Amino acid sequence: MFKYKVVLIPFSIGVLFVMGRFLPTNSPLLRGVFVLIVLFASVYGLYYLLKNSISLENKDQIIIVDKTGEGGETHSFKKITSKPNMFKSAVSDVDLYFNEQELCVVDSSGTQTIFPISTITELKRTDVRINNSNVWRIVIKEDNKEITFKFTHNVRFWNKNFVDFHEFLSSLNPEVVKTKWNYLRM
């Protein structure tokens, strides 16, 4: 987090002086407005970098779920979903996590529901795209009813949890995975 301050602040000050000096006008008002715009953009850029650098540390979010009744063992799950910034109504309001035995669904109120991986009947990419990511659909069959969740994956340069989930599910039960993974069409 500190490295962004070291790079961005001197760069912003340099831009203020260089661009303020070479403006094609001698009007002090226009120079002042330009300096304020560049200063605001620099502060916003610093805020954005700091906010994203903090969230980069938590991109592989792993949650621990305590299961009671069976000795109280703990299970760790890897997150495979992300929330889109726009068109949130196109996806379910849940976060999905997985491990080798179970799929954990955490809704907006924080309630955790755990399904065995064997109850997943379909994993498919839909034709809907949000923020350059496809919306995926996962169908779970429980008690003779189907539960469907739509989500956007969280595949980034530093996070391959969804790819791991897709490959794991493909190796476990290839008939369940209806869409093959392709980095060109994520």
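Which residue in β9 does Glu 142 stand opposite? Glu 142 stands opposite Lys 145 of that strand. The model described here is predicted. This briefing covers an open sheet of 4 strands, helix α3, which packs on that sheet, and an aromatic cluster that includes Phe 151 and Phe 162.

**The sheet**

- The 4 strands of the open sheet follow the order β3-β9-β8-β7, and their pairing is antiparallel.
- β3 (81–82) and β7 (120–130) are the edge strands, each pairing on one side only.
- Strands β8 and β9 run antiparallel and are joined by 8 bridges.
- Helix α3 packs on the sheet, where it touches β7, β8 and β9. The direction of α3 makes about 140 degrees with that of β7.

**Helix α3**

- Helix α3 covers residues 161–172, which is 12 residues.
- From the first C-alpha to the last, α3 reaches 16 Å, close to the 16 Å expected at 1.5 Å a residue.
- The buried residues of α3 are Asn 161, Phe 162, Val 163, Phe 165, His 166 and Leu 169.
- Phe 162 and Phe 165 are 3 residues apart in α3, about one turn of the helix. An α-helix has 3.6 residues a turn, so residues three or four places apart point the same way.

**Aromatic pairs**

- With ring centres required to lie within 6.5 Å, the count comes to 4 aromatic pairs.
- Phe 151 and Phe 162 form an edge-to-face pair, because their ring centres are 5.8 Å apart and their planes stand at 65 degrees, where over 60 counts as edge-to-face.
- Phe 151 belongs to strand β9 (residues 145–153) and Phe 162 to helix α3, so this pair ties together parts that are 11 residues apart in sequence.
- The rings of Phe 162 and Phe 165 have centres 6.3 Å apart and planes at 45 degrees, so that pair is tilted.
- One aromatic cluster is formed by Phe 98, Trp 136, Phe 151, Phe 162 and Phe 165.

**Burial within the cluster**

- Phe 151 has a relative accessible area of 2% and is therefore buried, the cut-off being under 20%.
- Phe 162 is buried at 0% relative accessibility.
- Phe 165 also counts as buried, at 0%.
- Trp 136 has 0% relative accessibility and so counts as buried.

**Trp 136 in its strand**

- Trp 136 is found in strand β8, which spans residues 133–142.
- Trp 136 and Lys 124 are 12 residues apart in sequence, and their C-alpha atoms are 5.7 Å apart in space.

Notes. Residues are numbered from 1 along each chain as its sequence is written. This is a predicted model: local features need pLDDT of at least 70, side-chain atom pairs count only at pLDDT 80 or more; totals for chains, interfaces and linings use all residues. Side-chain values use heavy atoms; hydrogens and water are left out. Helices (H or I, at least four residues) and strands (E, at least two) are DSSP runs, numbered from the N terminus. The expected span of a helix is 1.5 Å times one less than its number of residues. Buried means under 20% relative accessible area, exposed over 50%, partly exposed in between (1.4 Å probe, protein chains only). Rings of Phe, Tyr and Trp (its six-membered ring) pair if their centres lie within 6.5 Å; planes under 30 degrees apart count as stacked, over 60 as edge-to-face and the rest as tilted. Two strands pair if DSSP finds at least two bridges between them. Contact means heavy atoms within 4.5 Å. Axes are lines fitted to C-alpha atoms, for helices over the stretch in contact, and angles run from 0 to 180 degrees between N-to-C directions.
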